[in-house]
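Let's take a walk through this structure together, starting with a space in it and moving outward from there. Keep the view open as you read.

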Amino acid sequence: MKLSDNIIDIKGIGEKTASAYNRLGINNVGDLVHYYPRAYKVYSEPVPVSSASEGERVAIFCKVVSYVDVHKGRRYTIASLSAADNSGSVRMVWFNMPFIKNQFHKGDSYIFYGTVKYKGNMRVMEMPEYFTQYNYQRAMSTMQPIYPLKSGITNNSVTRSVRAVEEVIRSIPDYLPESVIEKYNLMSKSEAVYEVHFPHNEETLKNAIKRIAFDEFLEFLIRIRKLREDTVSEPNIHKLTKESILKRDAFIAGLPYELTEGQKNAVNDITDDMKSEYVMNRLVQGDVGSGKTIVAAIALFMNSISGYQGALMVPTEVLAVQHYEDLSKLFKPYKFTVRLLTGSMSVKEKRAVYQELREGICDVVIGTHAIIQDMAEFKALGLVITDEQHRFGVKQREKLEKKGQMPNVLVMSATPIPRTLAIILYADMDISVIKDMPAQRKRIMNCVVGTDYRPSAYGFIKKQVSEGHQAYVICPMVEESETSDSENVINYSDELQNILGDRIKVAYLHGKMKESEKSEILHSFINKEIDVLVSTTVIEVGINNPNATVMMIENAERFGLAQLHQLRGRVGRGSAQSYAIFVNVKKSKESEERLKVLENSNDGFYIASEDLKLRGPGDFFGIRQSGEMDFKFADIYNHADMLRLAQDISVEYGDSIEGKIII
């Protein structure tokens, strides 16, 4: 069997399963082999009930001391029982699993595995796994992969399918010379892929992930180098006119605030590029809330005055709509035609915009991935701006740039990458950095708290809402599942609604919702129809609500510091004082040390550098950043050493290995 063979050729996969795999983007053996787990489950030694700390995922050996109770809740069927050992008791709760009633009998002993919470004075373990002693001993000797799934595919079926092509994995060739693998103590490619699916222990898994991170960085850097070679000396056929530079100054003078020094410097860099002999290829890197959007607006203004079309591509529809509304008002006195282009628009609406783009009627288009569809053709595209570039990746950026005859390119990023790493990652670009904050912004007040502070936090949110403000609450998981050991969005919003009362409108948001549902919820939040939004990290980018003043993050210890900083940046966007509350559930010394960095600083670049220092040996396990550059494993903070090594190898071996890397 080969990597190119159809998925249906694997033993045990029929047409129905193959179709389910296709929906996951798995069409052949190679796709399956490189469909990596998103996490791993490690079973620990059982502990007494009394020593199980709140928020900690533990195993406890208990006797069932009550009959199973099954009743209908508001949203779920709830099954529960009481279990105990010599040190204490715990209530076990399952949702939508009524068959539990026949599983347990009073007096039976089991090992229960899950997260202990306190509800009042009662210990509760929701959705615990349960094992006989013998089966648990077997489970303790393994690290079980957890794959991202869709309906029709289970975790076990993916594991079985990968096992069936074990020989194919073992025979994956390595594109690196043996001397390089030995010199830098890298795991071989085939061994790394095997270990990622079936790790022997945490150490071998860590080394496997490092090797795959290296491969991802290397492929990225080789492509970036090629992009640089193709564009570095391209003549600029969309130069700014003298009139546009003169009018720029009047435009800036008419703004209701003064630009910061960082914004002024970035505007000057962009102006110099766009009036030069060669095409602009610039990154504007600014911390959350540093005012990158107005810099982009000034670039679009100069481009339009010079007679060219401009395109601004952003990661979410909600952000596209917000930018469209803001820029339409800003450009109205100048009679620019500004249009919106998103996936949820009707075919008729899209066609109308496409026609205006082709005919040159549309001066500025703002949208999501719809901008890079084949139907979008421009008459005179002179400037392309991508917002939050790490959300798009190189291929999509190339596609947008090719929409015009070598337009000027501007990338806006709020990812606080240390400059030494940014120079490597953005090797094809010149870099401008905005470090200072607009004068009207107040410093966000931060606090790191334990779970016992929740009642006070809810009271504070209630007070802020009564004063006309809004709040976010961030939870790591969408719904209760066998792998969830954290607060979840759906249950949490129900509980919070009960606590805050009917006068306060609570809604939830998560990534599994349809785009139209997400947009509707976010629009309602921006329009103040929702007071408290309980969400996953889906709101990390793509929403700007100056009226939101509280960001409460549950299980804050589970996130990378840079991601927490991005989330915190959703508040503090208006003139009112804003607050960030980081709930540290596990209360370990390490997590407290990490979160104190956020409590003491609002500087994203400082936080990113501290994140590099504080990452522990187990952080490749659970704490993941938000998918920079669309990498599967590579993390610019956690794998900075692999990024630097990939840079060296790309310079020395780039030409000989180009096109041979299998990710």
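The second largest pocket holds about 1100 Å³ of space. This is a predicted model, so please read each value here as computed from predicted coordinates. The lining of the second largest pocket is made up of 42 residues, and if you look for its centre, Thr293, His323, Asp326, Arg441 and Asn544 are the lining residues that lie nearest. Three elements give two or more residues to this lining: H12, helix H13 (317-331) and helix H19 (515-526). Which of the helices gives the most? H13 does, with nine residues. As for chemical character, the lining residues divide into 19 nonpolar, 14 polar and nine charged.

H12 is worth a visit of its own. Helix H12 covers residues 292-305, and at 1.5 Å a residue its 14 residues should span 20 Å; because its end C-alpha atoms are in fact 20 Å apart, the expected span and the modelled one agree. How many of the 14 residues of H12 are buried? The count is 13, so the helix is mostly covered. Follow the chain just past H12 and you meet Gly307, which takes a positive phi of about 100 degrees.

Next, go to helix H14, which runs over residues 347-359 and holds Glu356. Is Glu356 buried or exposed? Its relative accessible area is 18%, and since buried means under 20%, Glu356 counts as buried. Leaving out residues up to four places away in sequence, Glu356 touches Gln309, Thr337, Arg339, Ile361 and Cys362.

Another buried residue sits in helix H5 (residues 155-164), where you will find Ser157. With a relative accessibility of 12%, Ser157 falls under the 20% limit and therefore counts as buried. Try picking out Gly12 as well: Ser157 and Gly12 are 145 residues apart in sequence, yet their C-alpha atoms are 9.2 Å apart in space.

Two asparagines in loops come next. Asn96 lies in the loop between strand E5 (88-95) and helix H3 (100-103), and its phi is near 55 degrees, a positive value in a residue other than glycine. Asn185 also has a positive phi near 55 degrees, and its place is in the loop between helix H7 (178-183) and helix H8 (189-197). How exposed is each of them? Asn96 has a relative accessibility of 45%, which lies between the 20% and 50% limits, so Asn96 counts as partly exposed. Asn185 has a relative accessible area of 70%, which is over 50% and therefore makes Asn185 exposed.

Finally, step back to the whole protein chain. Its secondary structure comes to 23 helices and 22 strands. The chain has 663 residues, of which 57% count as buried. Among contacts between residues at least 6 apart in sequence, 73% join residues at least 24 apart. The accessible surface of the protein chain comes to about 28800 Å², and carbon and sulfur atoms account for 49% of that area.

How values were computed: Residues are numbered from 1 along each chain as its sequence is written. This is a predicted model: local features need pLDDT of at least 70, side-chain atom pairs count only at pLDDT 80 or more; totals for chains, interfaces and linings use all residues. Side-chain values use heavy atoms; hydrogens and water are left out. Helices (H or I, at least four residues) and strands (E, at least two) are DSSP runs, numbered from the N terminus. Buried means under 20% relative accessible area, exposed over 50%, partly exposed in between (1.4 Å probe, protein chains only). The expected span of a helix is 1.5 Å times one less than its number of residues. Contact means heavy atoms within 4.5 Å. Accessible areas come from the Shrake-Rupley method with a 1.4 Å probe; for residues, only the protein chains shown count as cover. On a 1 Å grid over the protein atoms alone, a cavity is a set of points where a 1.4 Å probe fits but cannot get out, and a pocket is an open set with protein on both sides within 12 Å along at least five of seven lines; lining residues have an atom within 4 Å of a point. Grid points are joined across faces, edges and corners, and a volume is the space filled by probe spheres set on the points. Ala, Val, Leu, Ile, Met, Phe, Trp, Tyr, Cys and Pro count as nonpolar, Asp, Glu, Lys and Arg as charged, and the others, Gly among them, as polar.
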